[in-house]
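Visitor: I'd like a close look at just one part of this structure, rather than a quick tour of everything. Could you pick a good starting place and work outward from there?

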Amino acid sequence: MAQVLFSHTDGKVDRVNIRDGQTILRAAKQGRVSLRHKCGGQASCTTCKVRIDNQEGVSTPEKKERMKLGDVQLANNMRLSCQTKVYQSVDAHIPEDPYKARIRKLLEAERNQ
Ligand code: FES
């Protein structure tokens, strides 16, 4: 039994208990945690990215994931949640939705004029 602790950019935290070997995306679905996944877990869309700073308890990235993310994102602890299996409790940081981030920045720029 392991636990995935999902941290959102607004400070909200969700905890989901899972069986060892489940993916982070499956944990999110099980816990009804909002995590984008356009391709349904096929490692092709990269919308399911999460940041995992301590990766001791998760699977290492396989070729497909390494090719999709590239060296820079892997070095920044980004992982595809649909490809990352959990074997020990882990913290996964969900990045802000890029569309929401863009709208937030536009609104902030408008307020500052
Ligand atoms: S759900 Fe598309 S890459 Fe993970």
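Guide: Let's say two strands pair when DSSP finds at least two bridges between them. Keep in mind that this is a predicted model.

I'd start at β1, residues 2–7. β1 pairs with β5 in the parallel sense, over four bridges, and along that pairing L5 stands opposite D91 in β5. β1 also pairs with β2, this time in the antiparallel sense and over six bridges. There, S7 stands opposite V13 in β2. β1 and β2 make a hairpin with five residues between them, and G11 in the turn has a positive phi of about 95 degrees.

Now for what these strands pack into. The largest nonpolar core has 21 residues, and V4, I24, A27, A28, V86 and A92 are the ones touching the most other members. Two or more residues come from each of β1, β2 (13–18), α1 (24–30) and β5 (90–93), with α1 giving the most, four residues. As a rule, nonpolar side chains in soluble globular proteins tend to be buried together.

I24 is a handy place to see how that works. Leaving out residues up to four places away in sequence, I24 touches V4, V50, S81, T84, V86 and A92.

From here, follow the chain past α1 into the loop that leads to β3 (49–51), where you'll find A43. A43 has a phi near 60 degrees, positive even though the residue isn't glycine. A43 counts as partly exposed because it has 17 other C-beta atoms within 10 Å, and being buried would take 20 or more.

C48 sits in the loop between α1 and β3 as well. C48 is buried, since 24 other C-beta atoms lie within 10 Å. With residues up to four places away in sequence set aside, C48 touches L25, L35, R36, H37, L80, S81 and C82. If you want a distance to check, C48 and K85 are 37 residues apart in sequence and 13 Å apart in space, C-alpha to C-alpha.

One last stop is N77, in the loop between α2 (63–75) and β4 (78–80). N77 also has a positive phi without being glycine, near 65 degrees. N77 comes out as partly exposed because it has 13 other C-beta atoms within 10 Å, while the exposed class stops at 12 or fewer.

How values were computed
Residues are numbered from 1 along each chain as its sequence is written. This is a predicted model: local features need pLDDT of at least 70, side-chain atom pairs count only at pLDDT 80 or more; totals for chains, interfaces and linings use all residues. A nonpolar core is a set of buried Ala, Val, Leu, Ile, Met, Phe, Trp, Tyr and Cys residues joined through C-beta atoms within 7 Å. Two residues are in contact if their C-beta atoms, placed from the backbone, lie within 7 Å.
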